[in-house]
Amino acid sequence: MADVDPDAGTVVLPADRFQLSENKLTILSTAGDIGITKCARSLGIPMMVSSADPDPVYDMWYQFGPWTVDMAERFAFVPPMTDADMVVNGIEGAPADSKSANDDYVPLPEDQLDEAIEKCSGDPDFVYFNGIDDGFGGPWQEDFNQVYEKTLGDPRAEKVFDDLTACYKENGMTFDSSTPSFVTAADPNRIDEDQVEMAVKVAQCQESTDSIQQLADIMAEYQAPTIEEYAEELVEIRDSQDEALAKAEDYIADNPDAFQPVQ
């Protein structure tokens with residue numbers, strides 16, 4: 001079943017329980033970076049880890065556009081991301097004072113970085129944390145990849161989009177059939193008063209029609225048979241992921257100096 005949480009702006013589908021989210025991948029990659037950094041420092045290379053703290057914003061669901069008023073007011077039609085990433089990605093209207101997560105980060109010159117990778121890419125911690133199965137590469141993936149298109153063609157989903165179309169029309173907007181749940185004139189690269197106002201109306205229509213719960217339930221229904229078929233393999237992967245994530249969190253907590261410049 002789909003777990004829809006409007007307060008957090010999250011939707012967890014069955015497949016999501018066996019595939020690592022962006023935030024969880026960040027935890028693992030950060031731990032791996034610590035491993036290669038410790039190795040590099042032992043060789044006199046002043047490497048450090050760029051802080052990449054997981055952010056709840058990357059757990060928000062945006063498969064069908066803005067669907068809560070809070071999300072619409074903050075991002076308009078821009079995919080949810082941190083303020084700093086908005087600046088990096090050139091989003092028009094991004095907060096001008098956005099800063100990176102680690103203002104002390106000092107990148108290595110390219111020649112030293114190449115040396116660190118050459119000499120330390122075999123570090124056991126680096127290899128372990130970067131070698132965890134993210135759950136996306138198995139024989140089940142082809143089935144999961146087809147779920148979105150199957151959902152769009154489902155008569156129940158078509159009824160949802162018809163309801164949204166009617167609501168959008170009542171609010172002076174036109175449904176964009178090329179990007180389901182969006183409207184024409186929506187700009188995924190800009191945040192301004194007009195875009196926010198339009199996104200809020202879209203979110204209100206999504207809420208009034210209960211579109212996200214309905215669409216997520218349909219997607220979950222299409223995913224379920226595949227999960228049942230590969231249940232043993234998927235559960236084994238999830239167990240190894242959980243074990244690795246726990247180790248990664250402890251490893252990060254035990255090495256705060258890796259995020260500071262070498263003195």
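The largest nonpolar core of this predicted model has 45 residues, and those with the most contacts inside it are V11, L13, W61, F64, F77, F161 and Y168. Two or more residues are given to this core by each of the elements α2 (69–75), α7 (147–152), α8 (155–170), α9 (193–209) and α10 (211–229), and of these α9 gives the most, with seven residues. One of the residues with the most contacts in the core, Y168, can be followed outward: leaving aside neighbours within four places in sequence, Y168 is in contact with M173, F175, S181, F182, V183, V202, C205 and Q206. A second, separate core of 14 residues also exists, and F129, I132, A258 and F259 are among its members.

It helps to set these cores against the whole chain. The protein has 263 residues, of which buried residues make up 42%, and its secondary structure comes to 11 helices and two strands. Read along the sequence, the two strands come before the helices, in the pattern β-β-α-α-α-α-α-α-α-α-α-α-α. Taken along the principal axes, the C-alpha atoms fill a box of roughly 65 × 50 × 30 Å. Among the contacts with a sequence separation of 6 or more, 75% are accounted for by residues 24 or more positions apart.

Three residues that carry polar side chains are worth visiting one by one, beginning with T10, which has its place in strand β2 (residues 10–12). T10 has a relative accessibility of 16%, and because buried means under 20%, T10 counts as buried. Apart from neighbours within four places in sequence, T10 is in contact with D3, V4 and D5, and also with D59, M60, W61 and W67; of these partners, W61 is also named among the residues with the most contacts inside the largest core.

T82, by contrast, is found in the loop between α2 and α3 (83–88). Its relative accessibility is 17%, so T82 also counts as buried, and when residues up to four places away in sequence are not counted, T82 touches D55, V57 and Y58.

Q223 lies in helix α10, one of the elements that give two or more residues to the largest core. At 6% relative accessibility Q223 counts as buried, and its contacts, leaving aside neighbours within four places in sequence, are with L13, P14, A15, F144 and V147. Although Q223 and D143 are 80 residues apart along the chain, their C-alpha atoms are separated by 7.6 Å.

The remaining stop is a pair of helices. Two packed helices are described by the angle between their axes and the distance between the axes. For helix α1 (residues 22–42) and helix α11 (residues 231–253), the axes come within 9 Å and cross at roughly 50 degrees, which means that α1 is oblique to α11. The crossing in which α1 passes α11 is left-handed. On the α1 side, the residues that meet α11 are K24, I27, L28, T30, A31, I34, G35 and K38, while α11 brings R238, A244, L245, A248, E249, Y251 and I252 to the contact. By character, the residues of this contact divide into nine nonpolar, two polar and four charged.

Technical notes
Residues numbered from 1 in each chain as written. Predicted model: local features only at pLDDT ≥ 70, side-chain atom pairs only at ≥ 80, totals over all residues. Heavy atoms only, no water. Axes fitted to C-alpha atoms, helices over the stretch in contact; angles between N-to-C directions. Helix = DSSP H or I, 4+ residues; strand = E, 2+ residues; numbered from the N terminus. Parallel < 35°, antiparallel > 145°, perpendicular 65-115°, else oblique. Left-handed = near helix turned anticlockwise from the far one by under 90°. Contact = heavy atoms within 4.5 Å. Nonpolar A, V, L, I, M, F, W, Y, C, P; charged D, E, K, R; others polar. Core = buried A, V, L, I, M, F, W, Y, C linked by side-chain atoms within 4.5 Å. Buried < 20%, exposed > 50% of the residue type's maximum accessible area, 1.4 Å probe, protein only.
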